[in-house]
Amino acid sequence: MSAPACPRIDGERLLASLDAFARHGAIDGGGVCRLALTDADRHGRDWTVARMRELGMTVTIDAIGNGVAVYPGSADLPPVMIGSHIDTVRTGGRYDGNYGVLAGLEVVATLRDAGLRPRRPLAVAFFTNEEGARFQPDMMGSLVYVGGLPLPKALATAGIDGSTVGEELRRIGYAGTAPVGRPAVDSFVELHIEQGPVLDQRGVQIGVVEGVQGISWTEYRIEGVSNHAGTTPMEMRHDAGHAAACVAVFVRELALRYGGRQIGTVGAIRFEPNLINVIPNRAVFTVDLRNTDEAMLARAEAEVQAFAEQVCEAQGLSLLHTRLARFAPVAFDPMVTGLVQQEGEALGLSMLRMPSGAGHDAQMLARVCPAGMIFVPSVKGLSHNVREFTEPADLVNGAQLLLQVVLKLADRP
Ligand code: GLV
Ligand code: MN
Ligand code: MN
């Protein structure tokens, strides 16, 4: 007897839910600002939890604010989890993160409508503070979920505005009571937009994600002496701003010199007192380094550190650094990537095996269970930008593939 045909997800319903969701934290230009644990994030959470309950799912919120909803299976086994995040950067787009969560809910709605129960339960999760734009490290909720960061340390983390994760969770009503890390997960799949140009440029429909590159985030703080910009001779200055600028240039040149998959960004910088005619006495800035090769990433970190020390010493400045996030490269499970490939072929979709340049919750879940990711194209490779866009047909393809992959996982013997 041949296997029953897989049901089709309802593309219109998925697209309508993405439209509805984009209202939470909407900003000019068509994007969203749902920085973690702000009111806009709360509105997105409330909407998602209500939708989970409408689907008859049991919803739990844990102490770090992760939400998990379960659709029962026919056997009492650990669930196959679909998850991502609903927070965004300050200038976020309509799809980064929430697409994976809403597609997970569309998968459940499709199964419910078809009266289907897979063998294993399905869980749909949204993890707290994936972006790390307000509180570092990024992927915080999923990191706590897998035991990679102690809960008290995560709750005590102060953000860019001084408030802590714990205070903000309580304020928005998402300091939950469910045990962290429960349910234990059978396997994990995250559907996400690529956020880079590769699939769009090559005209490929699906990225079979083989892993995530390593990520290193450091904050540097350089202290000098502020003085009059008109009267202080150049050779007498202790200019923290100039040293920060030198390091920023060095980071870019290092990435170009290494080539390959080395990436380097100085994305945030602050001078004090930040006035036109005063030499800065303080510069605080961030360095984001990434590479798929752990040894190269470690070498890049050491070079940036040595250069910053050398510049500061030569100019009589003091230097402090704080590691904000450090994650080694992750390889996804071949069983999951193989299923993505197999089901993508069954759907007749064009595919490319590729690494992820962005960090994702799936890289944390990969510590505790077989995990993998599916990418759909980002038009012009734009993301962390209000103009982030993915063609509706690609969004629908990704969700259909997600359904087929999780059904295969859930029905494993
Ligand atoms: C987080 O999503 C990152 O990759 O910066
Ligand atoms: Mn994301
Ligand atoms: Mn993001």
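# A tour from Glu294 to the metal site

Select Glu294 to begin: leaving aside neighbours within four places in sequence, Glu294 is in contact with Arg326, Ala328 and Pro329 (contact means heavy atoms within 4.5 Å). The model is predicted, with local features needing pLDDT of at least 70, side-chain atom pairs counting only at pLDDT 80 or more, and totals for chains, interfaces and linings using all residues. Residues are numbered from 1 along each chain as its sequence is written, chains are lettered from A and ligands numbered from 1 in the order in which they are written, and side-chain values use heavy atoms, with hydrogens and water left out.

## Stop 1: Glu294

Stay on Glu294 and show Arg326, whose side chain is joined to that of Glu294 by a polar contact of 2.8 Å. A polar contact is a pair of N or O atoms within 3.5 Å; within protein, one must be able to donate a hydrogen and the other to accept it, and residues adjacent in sequence count only if both atoms are side-chain atoms. Glu294 belongs to helix 9, residues 294-314. Helices (H or I, at least four residues) and strands (E, at least two) are DSSP runs, numbered from the N terminus. Glu294 is partly exposed, at a relative accessible area of 33%. The burial classes are buried, under 20% relative accessible area, exposed, over 50%, and partly exposed, in between (1.4 Å probe, protein chains only). For a distance across the chain, pick the C-alpha atoms of Glu294 and Ile215: 9.3 Å separates them, with the two positions 79 residues apart along the chain.

## Stop 2: the manganese ions

Select ligand 2, a manganese ion whose protein donors are His85 (NE2), Asp96 (OD) and His192 (NE2), at 2.0 to 2.2 Å. Donors are N, O and S atoms within 2.8 Å of the metal (3.2 Å for Na, K and Ca); water is not among the atoms, so sites may look incomplete. Along the chain, the donor residues of ligand 2 are spaced H-x10-D-x95-H. His85 and Asp96 both lie in the loop between strand 3 and helix 3, so the pair ties together parts that are eleven residues apart in sequence. Both of these residues, His85 and Asp96, are buried.

Which residue bridges ligand 2 and ligand 3? Asp96 does, and the two manganese ions lie 3.7 Å apart.

Now move to ligand 3, the manganese ion coordinated by Asp96 (OD), Glu131 (OE), Glu131 (OE) and His384 (NE2) at 2.1 to 2.5 Å. The spacing of the donors of ligand 3 is D-x34-E-x252-H. Asp96 sits in the loop between strand 3 (80-84) and helix 3 (98-113), and Glu131 in the loop between strand 4 (122-126) and helix 4 (140-145), so this pair ties together parts that are 35 residues apart in sequence. Relative accessibility is 3% for Asp96, which is buried, and 8% for Glu131, also buried.

## Stop 3: the loop after strand 4

The loop between strand 4 and helix 4 also holds Pro137. Display the peptide bond from Gln136 to Pro137, which is cis with omega near 10°. A second cis peptide bond to show joins Glu272 and Pro273, with omega about 0°; Pro273 lies in the loop between strand 9 (269-272) and strand 10 (282-291).

## Stop 4: aromatic rings

Six aromatic pairs are present in the structure. One of them, Phe21 with Trp47, is edge-to-face, at 5.5 Å centre to centre and 75° between the planes. Phe21 lies in helix 1 (residues 11-21) and Trp47 in helix 2 (residues 39-54), so the pair ties together parts that are 26 residues apart in sequence. Phe21 is buried at 0% relative accessibility, while Trp47 is partly exposed at 24%.

Select Phe127 and Tyr145 next: their ring centres are 5.6 Å apart and their planes at 75°, so this pair is edge-to-face. Rings of Phe, Tyr and Trp (its six-membered ring) pair if their centres lie within 6.5 Å; planes under 30 degrees apart count as stacked, over 60 as edge-to-face and the rest as tilted. Phe127 and Tyr145 are both buried. Add Phe188 to the selection: ring pairs link Phe127, Tyr145 and Phe188 into a cluster.

## Stop 5: charges over rings

Select Arg45 and Tyr174, where the charged end of the arginine sits over the ring, 4.9 Å from its centre. A charge sits over a ring if NZ of Lys or CZ of Arg is within 6 Å of the ring centre and within 35 degrees of the ring normal. Arg299 lies over the face of Tyr258, at 4.9 Å from the ring centre.

## Stop 6: positive phi

Finish with Leu37, a non-glycine residue with a positive phi of about 70°. Leu37 is in the loop between helix 1 and helix 2 and is buried, at 0% relative accessibility. Gln195 has a positive phi too, near 70°; Gln195 lies in the loop between strand 5 (187-193) and helix 7 (198-202), buried at 16%.
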